[in-house]
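Student: Could you take me closely through the surroundings of the ligand, and then through the helix that matters most for that description?

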Amino acid sequence: MHKRVSTGIAKLDQMLGGGLPIGAIVTVIGCPGSGKTLLAAKFIYEGAATYGETGVYVCLTEPKDVFISTMKSYGWDFEELVDRGFVEVLDLSIGTELESQSAFNKIAAALSKVSAKRLAIDSLTALNIGLKDDVSRRHLIRILYRVLKKTNCTSLLILETPLNYNSFGSMMEEFIADGIIHLNQYYNDDGTLTRTLRVFKMRGTSHEIKIRKYIITDKGVEIL
Ligand SMILES: Nc1ncnc2c1ncn2[C@@H]1O[C@H](COP(=O)(O)OP(=O)(O)OP(=O)(O)O)[C@@H](O)[C@H]1O
Ligand SMILES: [Mg+2]
């Protein structure tokens, strides 16, 4: 059995049979506001703060300073982890940086700078925007896959979807990745926003096959 890496969320670790398989490359798929950033940030934060594992968080959808100050409101002080050399937060949110090859080179350099054990890319969708066609997309993700497998780095790669996304297999990233965690939200009949999480795929391990409800609080994602 693979050694496990905690997600930072105990109930999600249980759903995964003890955590993510070490070195797994997992896509976190969800619609706007579903908690993708909070899930990935907690994975990097707890990895460093609780387990002493180095990590890289790549901001492509929001600027680094906005990310850092938002995360402080959940009690996750990334600035301190960066100062101590445990974490690197990469700001690739600016238009010109979206040239995907150069962004990829910066990610690879950051991984080697801190000898990263964990990586979060927020988001892979944004990283791919700079690529002209599916062949280039597949090429980039394959190179990324090879680099991550070589270092045994465990990774969460965020994919953005529309509301009510349910057509797994329409994005090539879903096939290349070792696992898929899907965050969904919908409105109940009484008009309440309801959130559900499922582990849709996780190579090399058994995992929870039931959909679980979750809430978002000032502690981040909490599975019910
Ligand atoms: N303290 C809180 N209490 C309740 N809900 C919260 C709290 N903080 C955030 N949320 C909810 O979490 C959502 C933001 O989560 P997050 O930024 O992780 O989503 P996301 O999936 O990354 O969104 P995007 O696709 O826009 O980047 C908010 O839209 C809000 O609904
Ligand atoms: Mg986000």
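Tutor: What follows describes the shell around the ligand and then one helix that contributes to it.

The model is predicted, so local features need pLDDT of at least 70 and side-chain atom pairs count only at pLDDT 80 or more, while totals for chains, interfaces and linings use all residues. Residues are numbered from 1 along each chain as its sequence is written, and chains are lettered from A and ligands numbered from 1 in the order in which they are written.

Ligand 1 is surrounded by 13 residues, a residue being near a molecule if its C-beta atom, placed from the backbone, lies within 6 Å of it; the closest are Gly33, Lys36, Thr37, Leu38 and Ile216. By character, this shell comprises 3 nonpolar, 7 polar and 3 charged residues, where Ala, Val, Leu, Ile, Met, Phe, Trp, Tyr, Cys and Pro count as nonpolar, Asp, Glu, Lys and Arg as charged, and the others, Gly among them, as polar.

At least two residues of the shell come from each of helix H2 (36-49) and strand E10 (212-217), these elements being DSSP runs numbered from the N terminus (helices H or I, at least four residues; strands E, at least two). The largest share, 3 residues, belongs to H2.

Turning to H2 itself, its 14 residues should span 20 Å at 1.5 Å a residue, and its end C-alpha atoms are 20 Å apart, which agrees; the expected span is 1.5 Å times one less than the number of residues. Of these 14 residues, 13 are buried, so H2 is largely enclosed by the rest of the structure, with buried meaning that 20 or more other C-beta atoms, placed from the backbone, lie within 10 Å of the residue's own.

How values were computed
A residue is buried if 20 or more other C-beta atoms lie within 10 Å of its own, exposed if 12 or fewer, and partly exposed in between; C-beta atoms are placed from the backbone.
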